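Okay, thanks for coming, everyone. Have a look at the screen while I bring up the complex, and then I'll talk you through it.

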Amino acid sequence: MPNLKTAIIIILAVFVISIGVFFIPFDDILARLPYISEFYNNTTITITSRNAKSEVFLDSKSYGETPVTISDLKPGRYTFKLTRITDVSGAYEDRYIDIDLERNTEAVIDLEIGPNNLSSGYILYYTKSPVSNGKGYLSVNTDPADATVYIDGEYADKAPINAYMANPKSYSVKVSKTGYENVEFPVIVREGYNLNVKVNLFPIPINIEEQSNGE
Amino acid sequence: MASKYSEIKVSTTVSVVVHGGNPLGFKLAKTLLEQGGQVIIVDNFNSRSKGFVSELKKIGNADFIDFTGIEALYKTLGRIDYIYYLLSEKLLEHDTFSSKDFLEESNYLNQTLKVAQKNDSKVALVTSIKLNEKLSAHILNSNLSAPAPYSAIELQKYCETLTAEYRDKSKMNARIIRLGTLLGSEIAEITDPIIEDLLNDSSNKGFITIYGEGLQLHYLINIEDAIYGILKLTFQNKTEGEVISLTNQNDYTTLSLAYKLLEINDDISDIKFGPTKTDSKYISYEHYIPAPNASNFGWKQTVTLEQTIVDTINKLYPKTGQIIKRKREEPKKVEEEVVVKVKNVKTPLGELLDTIARPFKRISRSGSNKVQKFKSSLTPLKIGYLSIGVVLTTLLFIFLLYPLFSLGLGGYLTYKSLDKAKDYALEFKLDDANSQLVKSENYLTKISSSLGQLKWAFQATGTEETYDNFTQLVFASQYGIQGARDIMTAIEPLSLYVQNFEPALNFQTDLPSSSREYREYLTQLKQNRSLLQKGVYNVNIASDLIENVKVSVFPTPVQNYIIVLKEYNDQLKSQIDPVEKVITFLPDVLGNEKRVRYLILLQNPAELRSTGGWLSSYALISFEGGQIRELKVDDIYNLDGRLINNDIKVLPPQSMRKALEVENFTFSLSNWEPDLQNVTAINESLMDKVDPGTELDGTIAIDTEVLKALLTVWDEVIIPGETQPVTADNLDERITNLHKQFTPGESLKAPFLANLANTLLQRVLSAKVEDYPKIGTAMIDSLNSKHINVYLKNLEAYDYLEQNGWAGTLGEKYKSAPLTIEWNWGANKVNTKVERSKTLNIDILDIDKVDYTYQLVLRNSATSKVYPLGDYTNYVRAYLPESAQIKSIKGFTDTDYQIYLENGYKVVGGWLNVPIQTSKTLEIKYSLTPESTYKPLSVSNQDIEFVLSTFKQPGTGSEDTLSVNITYPDTWAVIDPSGMDNVLNQLLTQIKEKSDNNFKLVWNRK
């Protein structure tokens, strides 16, 4: 009888503690504690603009002109607004960029805002993935779709590439599509993370002068 | 003596109390005598026992026998019912005995047990808990030396063993009762030295000294309870063979007793602590577990500890006892009153809570005692073992027990949350759906980390494949849920717009009922475009990941979960792709930036025209800020009337003039062009002449089949001015009757259609959420079957509509196959009786050389020439690529046809009239050569691709057939037949032409 009692008590204790561990948001609690929170709220995003400057807004607060680096952000979902700085009013629409920032990671937005909702550049951010065989993941999504993706100069696949398993290290990614300008940039694949890459391509402008000369 | 005991009545119980010459024996004998029994006490004859016996003799049949006469007694007694062997009283006299005493005692017991066996007596061997505890301490604590050979401990051990052996061998009715320290008003001394010291201090010193931490346990019992217990336990047969502790059920530590004394005796000022005494008298063993308590056999403590202590003090320290007694009596009344009051104040709930809390309070009390005991027993070695134990237990919990628990609970909760989220989403409760998704996201995070903690278990059991698939599944789920959350958030403004939209105008009035606009929703929707794209991206990743999950490696219940998860994801993916595209242009086409105006053309397909049917009515609708700012419906002939009244003349296109021989363009003929983009331009131009400055942002051509499809959602609707409900079945008849009665200028048809449109619009806007899928399906089906064609100038909107074949335009892709456009010029509604059969033979000679043979067979199954039926007077235009080389044309009425270039096509036009009950066939053969500017085939890498897009003229029947037969070179091998049958070097299919069709055929060279 005492053995049965002890067993029941142990089972109940494991059950109760498990429920506690399962439901108590330890991460949230730790993220609020002084000093410890510094290890939790250390996500960084770097925003740059190619060829033209933009003003960066987060939650209606201006962070100034690109290049901008915002550090010590809490993990979570953020919407950044990029307003191209130009003398021509109404020529460029504001861009809203939604990304998820993961703890202890760095995200990058490098984008040139063009007219007619067009833009060129890339957005990188990490998403935590389950640990598997010491590998990381790489996902590439392009606008326009079906662009060709090269990794370290080798043909990888047509976009989108979803959760491509890769060794954790640095790579060079190049995205190209006929009629569009190429975009090339370095990335780092990390173990236990999926690196989300969103690439926007500009159409190559038609050179009327050359065409008429050609004719 | 012999004669004396032989006279005992059978009804009189005979009890022998061995070692009964002491307070316990006296009290026991007294009780037995009071019950009318015969009691024989066996003990050493001395002054003390002599006093007890003389007392007992006054009560009843009591005899006293010295141990020297025990053998004779047992021989003499003819019957013994009960034997109470009070060994404890002997043992507590000395710590050690001489060998002679030891042997004598063992001999007495042996004799007693023999006689008990002989007489079938019930035997109670009463021993001491305290001595048993000391025995345990000696056995389990190596620091203590073994007990002396003839010690009280050894003697008790020997006697208990002897009794147990007798019991085992002869099934004697014997039990061993280990008695606690006796206290109470009838004891002569306290046998526990610590208790004795405590009481002594409390009575004589004014303070209590505790040696050590005071955590020794004491097993106490009032002598009254002890007597009651010995008798009850001996009488019961169920105690046979048992070893029982007869003591108060609570454990009392020295410290707790000291505090109790402090409470009882106000004269005690303090408790002091002294060094631990090492005297053997003070030995106790903290981990000692007494035998089962007598309470398990029905015995109950009747005297409280407090009363027992007071009685003991009264007996042994009368002076102190008197003081305590006085003090206790004084406040007693007041206390009782307070207790009564407090008791009355307690609510039923309080009672209940108290009852519930009582066991916990007990546990807490005993727990704190145990903790104190535990602390005092810690040694460095023990701490070491304990630390290892704690570490191992923690590791077991972290890496096995918790992860398993987390996977089970997390999986279940995730599944439930997703199910709820789906239900909420279907009810458009996006906030609730989102919160459920957040929950499931949190659960998945737990599952993910638990899975990582269990990785070792998968490796140890050689099930790495399951682990990999499990992680993949969790990863996919995380992305899927994240995507769903993004999408929910992104489309929330759209949901709010749909739910809150109240049109400022309807088809019946020009007066706006509201000035409200919905710009904030539309602006937000536009801003959420990036979020929506992210959501779609996440869902796509989830789809790819989950697609590669090997379901078979999971246990069956999990397999079902995965299948459901896949279904959810697929549903989400299929539904969200169009939403993503629509949201990009929806704010603009709803006038978020500027006012937009659309022309709605209502066509009657019974009289077939280029874009779907005879134009009977039109509507104009304008949006600004998501609100309707203009809405009117009218008969198209009233608009034509304005052209005539204003003497506006517009020259029609040459093809129309040649075919129809009309010289003035009118609104009712504005759909001569089969391309809705051109129709929009023509109407814009005509309207500008009637109402200068009119601009159109698009045209929506619908036919009555759309109204019918909507009517099927609600079965019937009642519209103002109509006595009968309008249904899908009677709509055609109602409209036909209105046409018969129509004369330009009158207004019967327009109000009917306006009222119907208005009623349907109201129904759509106020539809219940569960009707949304039906409405959506009705609209999508109408778009696919070309009962609705939507041309919008907004480029993104146009691209989306055109890709889906909903734009009503003749895009480049339709050059891959000939298309025919019919125009019923017979002023009847005979199209409902015309059956079509198309055959398309394509002979691919090479990549750049293709021969086409196209046949159109029309059969007029009408049986009457009376309106609305009659001959099918039909002008047909066949649209071919501009560079097509026509080989032959057969079948036109009077072999008369024209060939001209129009809008990038080569058009062959002529009459193909079909009288009732006859069939007519049109056949056109043409080639595309290397010189042709249009190339239907293309080469990509090694693949040869041919995208064949066939065009269904809006308004034609859904039962019309299309046969396609493609012959390709022998040197090609089919990679993708796109659903066609492949026979030798031919691809064949025959389908009902319900909509446009696309075949993406791929070959490579052998």
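I'll go through the two chains, then where they touch, then one helix pair, and finish with confidence.

Keep in mind that this is a predicted model. The predictor scores the complex with an ipTM of 0.87 and a pTM of 0.63.

Let's start with chain A. There are 215 residues in chain A, and 31% of them are buried. Its secondary structure is four helices and 15 strands. If you take the contacts in chain A with a separation of 6 or more, 57% are between residues 24 or more positions apart.

Now chain B. Here we have 1006 residues, with 41% counting as buried. Chain B has 29 helices and 35 strands. And of the contacts in chain B between residues at least 6 apart in sequence, 75% link residues at least 24 apart.

So, on to the contact. How many residues does each chain put in? Chain B brings 23 residues and chain A brings 16 residues. On the chain B side, four helices supply at least two residues each: α15 (380-426), α16 (430-453), α18 (464-500) and α20 (529-547). Which one gives the most to that side? That's α20(B), with eight residues. If you sort the chain B side by class, you get 12 nonpolar, seven polar and four charged residues.

Let me stay with α18(B) for a moment, since this helix also packs against another part of chain B, helix α21 (residues 556-589). Their axes come within 11 Å and cross at roughly 35°, and the crossing of α18(B) and α21(B) is left-handed. If you want to find the contact on screen, the α18(B) residues include B:L473, B:G480, B:I487 and B:L494. Over on α21(B), look for residues including B:I562, B:N569, B:I576 and B:I583. What kinds of residues make up this contact? There are 11 nonpolar and three polar residues, and no charged ones.

Last topic: confidence. The mean pLDDT of chain B is 85, with 91% of its residues at 70 or more. Where in chain B is confidence highest, and where is it lowest? The high end is strand β31 (residues 961-967), at 97, and the low end is helix α13 (residues 318-345), at a mean of 56. In residues 332-345 of chain B the pLDDT is below 50, and that stretch has zero contacts in the model beyond near neighbours in sequence.

That's it from me; over to you.

Methods. Residues are numbered from 1 along each chain as its sequence is written. Chains are lettered from A and ligands numbered from 1 in the order in which they are written. This is a predicted model: local features need pLDDT of at least 70, side-chain atom pairs count only at pLDDT 80 or more; totals for chains, interfaces and linings use all residues. Two residues are in contact if their C-beta atoms, placed from the backbone, lie within 7 Å. Ala, Val, Leu, Ile, Met, Phe, Trp, Tyr, Cys and Pro count as nonpolar, Asp, Glu, Lys and Arg as charged, and the others, Gly among them, as polar. Axes are lines fitted to C-alpha atoms, for helices over the stretch in contact, and angles run from 0 to 180 degrees between N-to-C directions. A crossing is left-handed if the near helix is turned anticlockwise from the far one by less than a right angle, and right-handed if clockwise. pLDDT is the predictor's confidence in each residue, from 0 to 100. A residue is buried if 20 or more other C-beta atoms lie within 10 Å of its own, exposed if 12 or fewer, and partly exposed in between; C-beta atoms are placed from the backbone.
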